[in-house]
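Biologist: Hi! Could you pull up the model so we can walk through it together?
Modeller: Happy to, here it comes.

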Amino acid sequence: MGFEYKNGELYVENLKVRDIVKDVKTPAYIYSKKHFQEQFEKFNKAFTREHCVSFAIKANSNLSVIKTFAELGSGADIVSKGELFRALKAGIDPSKIVFSGVAKTDDEIEYAIENGIMMMNLESLDELYAVDRVAKKLNKKGRIAFRVNPDVDPKTHPYISTGLKKNKFGIPYEEAFDAYMQAKNLDNIEIYGIQFHIGSQLLDSTPIYDASVKVAELMRKLQDSGIELKAIDVGGGLGIVYNKKEDNPPSVETYAKQIEDAFKEFPNALLVLEPGRFLVGNGGIMVTKVVYHKTNGKKNFIIVDAGMNDLIRPSLYGAFQEIQPITQKGNKKIVCDIVGPICETGDFLARDYEIEDTENGQYLAVFSSGAYGFTMASNYNSRPKAVEVMVDNDAYKIIRKRESLEDLIKGETL
Ligand SMILES: Cc1ncc(COP(=O)(O)O)c(C=O)c1O
């Protein structure tokens, strides 16, 4: 879907990747619009009850990408004023926007209330009081859910597991009932829903089911105390295949069924889903050019023109992403580290990686770069950010220009 080799040449939809990078240069992020659309439809169709898919735009917040989902009826999961700004600009319906994050400021809360989003998912009582205070000032109600930390092990990388007691996220499960009771007493709060998100890149659907069952239990208790929730937001997290030999995520149908089973006694509540990676992860590649080769006796290095500032997942999480030449020449295989230009030992895209030998000037595609790729990019080492390109069938469009040197110093003074 989206990316495919034909006679050793990588295509994105109907275009040769080589032809695109000849024009746009490297490093370049290239996305397949068709892949995004197909993933959304697949995800959306898997749920049978009334639901709202709110794309977690932290995964890929380019306006054109968000707009692609907005046109399919998607909402958005946002975590900052900046993300809300982007979601609105891209045409997302505010009533389908949920606001996550542990540290919403008064300014962000005000912006969210003024724009009439579905709900703010709160992670502490302090945040509840802040929403009450800001809503009072605006003479409006703040619609809220509590993010509950169900203390379930998602069995994923520690940096992307969020639903354990030791994580900073959510209200502890045992304290959530009392939090709702507190909220009930506040004049400027409208209790709207409940939320949880146990982690990302989930490759097993049991933890999400276990967490759902726990949250359903809490909802029963709340219902008995007169609190009827209008929305159940189960977060995101469904994993994707990065490594064809190892990753075996549950199907979206299994994932959907487990969630729907756990909440079947609350048929009137809107089910909200916040997928990020599933929708965009395998819909993007990052293309980089081989600049040099070297060997230090022990190791082979392929040195490329993209670094950890362009794509940080391998160095941040030790994440595996498949890398292949965009034109396969059938050269003998070598084992090497594929490293970038940044002055950090942690600057690598792959380590001890088997790949057909390449020549200087050849292009490599780093697959599965559509999620948490460009959005996590930085200007470290004063490197302008890469260009982003979207392919639609047999045409491509630059959806974010490569940064210039002037962009690098924008806002600075001498
Ligand atoms: C609250 C919340 N919702 C949704 C997501 C999206 O997760 P994923 O991209 O794994 O679907 C995240 C990711 O960190 C998150 O923190």
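Modeller: Let's start with helix 2 (residues 33-46) and helix 9, which pack at an angle of about 35 degrees with their axes 8 Å apart. Keep in mind that this is a predicted model.
Biologist: Noted. Which residues of helix 2 and helix 9 make the contact?
Modeller: From helix 2 there are Lys42, Phe43 and Ala46, and from helix 9 Val252, Glu253 and Ala256. By class, the contact of helix 2 with helix 9 holds four nonpolar and two charged residues, with no polar ones.
Biologist: And is the crossing of helix 2 and helix 9 left-handed or right-handed?
Modeller: Right-handed.
Biologist: What about helix 2 and helix 3, at what angle do they pack?
Modeller: Helix 2 packs with helix 3 (residues 63-70) at about 40 degrees, and their axes are 10 Å apart. That angle makes helix 2 oblique to helix 3. The crossing of helix 2 and helix 3 is right-handed.
Biologist: Which side chains should I click on for helix 2 and helix 3?
Modeller: On helix 2, pick Lys33, Phe36, Gln37 and Phe40; they meet Val65, Thr68 and Phe69 of helix 3. Sorted by class, the contact of helix 2 with helix 3 has four nonpolar, two polar and one charged residues.
Biologist: Back to helix 9 for a second. How do the axes of helix 8 and helix 9 cross?
Modeller: Helix 8 (residues 206-224) and helix 9 (residues 252-262) have axes that come within 8 Å and cross at roughly 20 degrees. Helix 8 and helix 9 are therefore roughly parallel to each other. Their crossing is right-handed.
Biologist: Who makes the contact there, helix by helix?
Modeller: Helix 8 brings Ile208, Tyr209, Ser212, Val213 and Ala216, while helix 9 brings Tyr255, Gln258, Ile259 and Ala262. In the contact of helix 8 with helix 9, seven residues are nonpolar, two are polar and none is charged.
Biologist: Nice. New topic: in what order do the three strands of the open sheet run?
Modeller: The order is 1-2-3, with antiparallel pairing. Strand 1 (3-6) and strand 3 (15-16) are the edge strands, each pairing on one side only.
Biologist: How many bridges are there between strand 1 and strand 2?
Modeller: Four, in the antiparallel sense, with strand 2 covering residues 9-12. If you want a pair to look at, the bridge partner of Glu4 in strand 2 is Tyr11.
Biologist: Let's talk backbone. Is the peptide bond from Thr26 to Pro27 cis or trans?
Modeller: Cis, with omega near -5 degrees. Most peptide bonds are trans. You'll find Pro27 in the loop between helix 1 (17-24) and strand 4 (28-32).
Biologist: And what is the phi of Asn139?
Modeller: Near 60 degrees, a positive value in a residue other than glycine. Asn139 also sits in a loop, the one between helix 6 (125-138) and strand 9 (142-149).
Biologist: Last one. Which residues come nearest to the ligand?
Modeller: Of the 17 residues around the ligand, the nearest are Ala56, Ser200, Gly236, Gly276 and Arg277.
Biologist: And how does the shell around the ligand divide by class?
Modeller: It has six nonpolar, eight polar and three charged residues.
Biologist: Great, thanks for the tour!

Technical notes
Residues numbered from 1 in each chain as written. Predicted model: local features only at pLDDT ≥ 70, side-chain atom pairs only at ≥ 80, totals over all residues. Near = placed C-beta within 6 Å. Nonpolar A, V, L, I, M, F, W, Y, C, P; charged D, E, K, R; others polar. Pairing = 2+ DSSP bridges. Helix = DSSP H or I, 4+ residues; strand = E, 2+ residues; numbered from the N terminus. Axes fitted to C-alpha atoms, helices over the stretch in contact; angles between N-to-C directions. Parallel < 35°, antiparallel > 145°, perpendicular 65-115°, else oblique. Left-handed = near helix turned anticlockwise from the far one by under 90°. Contact = placed C-beta atoms within 7 Å.
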